[in-house]
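Visitor: I am new to reading protein models, and I would like to learn how to go from a picture to careful statements. Could you take me through this one, feature by feature?

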Amino acid sequence: MNLKDKVALVTGSSKGIGAGIAKALAKAGAKVVINYVSSKEGGDRVVDEITQNGGTAIAIQADITRSADVKRLFEKTKNAFGRLDILVNNAGVYKLEPLEAVTEDSFYAQVNTHFLGNVLCTQHAVDLFGDDGGSIINISSTVSQNPVPGTMVYSAAKAGVDTMTKVLAKELGAKKIRVNTIAPGMTETEGTREAIRGSDLEKQMLAITPLGRLGQPEDIAKVAVFLASDEAAWVTGERITVAGGLL
């Protein structure tokens, strides 16, 4: 229970990698805020699973690309738990599309969620962290450094996340705030099962992954727990690839 008495907020945590991270943080002792934008049912399901296993969690709806929603998200977090120690910027939007299919809507949906949303949440987290600082964990992707066709906007947005991590690690270090990135490889979630299960893309990714399987949310969550804990007290500005050797 190395996160006992800590409070964590995980954006986009009603399913997938975010849900896996939220459940692992709770298992390690943290009180967890589950954030969702549209799936109240999914958010409540994660909360129920955490509480049934003896943890503490609440679910809060908020669109992290809207400043008013983000302000409300952090105000409710403070009202519920009085503090914040860990922020996981996980919320994401993914669209596989070639150049000619990119639209303004798909462009802004991906860039605003992955980059603007992270900025807005980080601003409020910094204000809510106490004198002991905190840990910010951004979720990137292997495609930020090794993009594949059809992921131009998504890959660029995730590259922005990588850069933001390095800049903010330097800006916020004096406040005892650590900022790190996890870059997952292809991970089996509700979204990837629907989009690529059994496809040529899945076969291609498995072929170039040395450990020969898709990642699971739990694989990513274990690294998030480490970065959130005092075991990583001397780790900031890093990008940790969790991808079965994909790179």
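Guide: Let us begin with a definition: helices (H or I, at least four residues) and strands (E, at least two) are DSSP runs, numbered from the N terminus. What you see is a predicted model, in which local features need pLDDT of at least 70 and side-chain atom pairs count only at pLDDT 80 or more, while totals for chains, interfaces and linings use all residues. Residues are numbered from 1 along each chain as its sequence is written, and side-chain values use heavy atoms, with hydrogens and water left out.

Visitor: How many residues does helix α1 have, and what span does it reach?

Guide: The expected span of a helix is 1.5 Å times one less than its number of residues. Helix α1, residues 16-27, has twelve residues and reaches 17 Å from its first C-alpha to its last, which is close to the expected 16 Å. Just after α1 comes Gly-29, whose phi is positive, at about 110°.

Visitor: Which residues of α1 are buried?

Guide: A residue is called buried under 20% relative accessible area, exposed over 50%, and partly exposed in between, using a 1.4 Å probe and protein chains only. In α1 the buried ones are Gly-16, Ile-17, Gly-18, Ala-19, Gly-20, Ile-21, Ala-22, Leu-25 and Ala-26. Because nine of the twelve residues are buried, α1 is largely enclosed by the rest of the structure.

Visitor: What is the phi of Asp-5, and where is this residue placed?

Guide: Asp-5 has a positive phi of about 75° although it is not a glycine, and its place is in the segment before β1 (7-10). With a relative accessibility of 47%, Asp-5 counts as partly exposed. Lys-176, also a residue other than glycine, has a positive phi near 65°. Lys-176 is found in the loop between α5 (152-172) and β6 (177-184), and its relative accessible area of 54% makes it exposed.

Visitor: What is the order of the strands in the open sheet?

Guide: Strands of a sheet pair through backbone hydrogen bonds, either parallel or antiparallel. For counting purposes, two strands pair if DSSP finds at least two bridges between them. Here an open sheet of seven strands runs in the order β3-β2-β1-β4-β5-β6-β7, with parallel pairing. Its edge strands, each pairing on one side only, are β3 (56-61) and β7. On average, neighbouring strands of this sheet are turned by 20° against each other, direction ignored. As one example of pairing, β4 (residues 86-89) and β5 (residues 134-139) are joined in the parallel sense over four bridges, and Ile-86 stands opposite Ser-135 in β5.

Visitor: Which strands does helix α2 touch?

Guide: Contact means heavy atoms within 4.5 Å, and axes are lines fitted to C-alpha atoms, for helices over the stretch in contact, with angles running from 0 to 180 degrees between N-to-C directions. Helix α2 (residues 40-52) packs on the sheet and touches β2 (31-36) and β3, its direction making about 170° with that of β3. Helix α5 packs on the sheet too, touching β5, β6 and β7, and its direction makes about 160° with that of β6.

Visitor: How many salt bridges are there by the rule used here?

Guide: Side chains of opposite charge can pair when their charged atoms come close. The rule asks for a side-chain nitrogen of Lys or Arg within 4 Å of a carboxyl oxygen of Asp or Glu, and by it the count comes to nine salt bridges. One of them joins Asp-69 and Arg-72, with the closest N and O atoms 3.5 Å apart; both lie in helix α3 (residues 67-81), three residues apart, about one turn of the helix. Asp-69 counts as buried at 16% relative accessibility, whereas Arg-72, at 26%, counts as partly exposed.

Visitor: Where in the chain do the partners Asp-162 and Arg-239 lie?

Guide: The side chains of Asp-162 and Arg-239 meet in a salt bridge at 3.0 Å, N to O. This pair links distant parts of the chain, with Asp-162 in helix α5 and Arg-239 in strand β7 (residues 239-242), 77 residues apart. Both Asp-162 and Arg-239 are buried. Not counting residues up to four places away in sequence, Asp-162 touches Ser-140, Ser-144, Gln-145, Thr-181 and Arg-239.
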